[in-house]
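Work through the exercises below with the sequence and the coordinates at hand. Each task is followed by a stepwise solution.

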Amino acid sequence: LRISFRSDSGTFRLGRNVFAIEFSSRTTGALIDAGDVQLAGAMTMPGMVMSGGIEVRRTGTAGRYEATADFEMSGAWRFTIEWNGPGNSGLLTFVGDVQ
Ligand SMILES: [Cu+2]
């Protein structure tokens, strides 16, 4: 399984972001239904935790999702993505740079 984040800017940026998330086969490249997808963001600093207000919506195409976020701060954010498609589900944590 491959999870791709796509946006016009090619990166997360400070402020409002609109991007797509795609789940696809690592071998064939075909999109794979990932069921309900949740993406959470966190930047933890002394005295505050920022969440980025991330929302993920399904599209009419299985395996493709539309997402929005509003990052209050640039820097290293910790993300957790969770999915529960038929025959494939999982959870992945990664660090992404907000520029
Ligand atoms: Cu911060």
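Accessible areas come from the Shrake-Rupley method with a 1.4 Å probe, and for residues only the protein chains shown count as cover. The model is predicted: local features need pLDDT of at least 70, side-chain atom pairs count only at pLDDT 80 or more, and totals for chains, interfaces and linings use all residues. Residues are numbered from 1 along each chain as its sequence is written, and side-chain values use heavy atoms, leaving out hydrogens and water.

**Exercise 1.** State how much area the protein exposes and what share carbon and sulfur atoms supply.

Step 1. The exposed area is about 5,800 Å².
Step 2. Carbon and sulfur atoms supply 49% of that area.
Step 3. Of the 99 residues, 35% are buried (under 20% relative accessible area, 1.4 Å probe, protein chains only).

**Exercise 2.** Describe the secondary structure of the protein and its order along the sequence.

Step 1. Count helices (DSSP H or I, at least four residues) and strands (E, at least two), numbered from the N terminus: there are zero helices and eight strands.
Step 2. The order is β-β-β-β-β-β-β-β.
Step 3. The radius of gyration, 14 Å, is close to the 13 Å of the globule rule for 99 residues, so the protein is as compact as a globular protein of that length. The radius is taken over C-alpha atoms, and the rule is 2.2 Å times the number of residues to the power 0.38.

**Exercise 3.** Analyse the pairing of strand 7 with strand 8.

Step 1. Strands pair if DSSP finds at least two bridges between them; here 11 bridges join residues 75–85 to residues 88–98, running antiparallel.
Step 2. W77 has G96 in strand 8 as its bridge partner.
Step 3. Two residues lie between the strands of this hairpin, where G87 takes a positive phi near 85°.

How values were computed:
Buried < 20%, exposed > 50% of the residue type's maximum accessible area, 1.4 Å probe, protein only.
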